[in-house]
Amino acid sequence: MTEFPSRDITGKCEGECKNIVLEADEKRQKEINASSVEYDGSSPSVPWAKDRSEAPGFLGGHV
């Protein structure tokens, strides 16, 4: 690439410039806020999740 778009150098946009990542984030957040799921905050920390030395399934269940 010998030339960079001027918006990458100056920050000024010519033509159609959209921030599709931000728009998608905002759309998804609106969908989450409109859902009926209640959020009470973070879940409690579990000590066995901090160490990865145990084999998968050591607490039981399927691997």
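How many residues apart in helix α2 are Glu31 and Arg28, and about how many helical turns separate them? The legends below take up that pair, along with a nonpolar patch and the whole chain, in a predicted model.

**View 1. Glu31 and Arg28 form a salt bridge.** Here is the answer to the opening question: Glu31 and Arg28 sit 3 residues apart in helix α2, which means that about one helical turn lies between them. Their closest N and O atoms are 3.3 Å apart. In general, side chains of opposite charge can pair when their charged atoms come close. The structure holds 1 salt bridge, so this close-up is worth a pause.

**View 2. Both partners of the salt bridge are partly exposed.** Glu31 has a relative accessibility of 40%, while Arg28 has a relative accessible area of 47%. Partly exposed covers values between 20% and 50%, so Glu31 and Arg28 both belong there.

**View 3. Val46, Trp48, Phe58 and Leu59 make a nonpolar surface patch.** The patch amounts to about 420 Å². One of its members, Val46, is found in the segment after α2, the helix that spans 20-34. Val46 is partly exposed, at 31% relative accessible area. Patch residues need over 30%, so Val46 passes that cut-off.

**View 4. The whole protein has 2 helices and 0 strands.** Step back from the close-ups, and you have a protein of 63 residues, 0% of which count as buried. Its accessible surface comes to about 6,600 Å². Carbon and sulfur atoms account for 52% of that surface.

Notes. Residues are numbered from 1 along each chain as its sequence is written. This is a predicted model: local features need pLDDT of at least 70, side-chain atom pairs count only at pLDDT 80 or more; totals for chains, interfaces and linings use all residues. Side-chain values use heavy atoms; hydrogens and water are left out. Patches are made of residues with over 30% relative accessible area and no salt bridge: like charges are joined within 9 Å, nonpolar side chains (Val, Leu, Ile, Met, Phe, Trp, Tyr) within 5 Å. Accessible areas come from the Shrake-Rupley method with a 1.4 Å probe; for residues, only the protein chains shown count as cover. A salt bridge is a side-chain nitrogen of Lys or Arg within 4 Å of a carboxyl oxygen of Asp or Glu. Helices (H or I, at least four residues) and strands (E, at least two) are DSSP runs, numbered from the N terminus. Buried means under 20% relative accessible area, exposed over 50%, partly exposed in between (1.4 Å probe, protein chains only).
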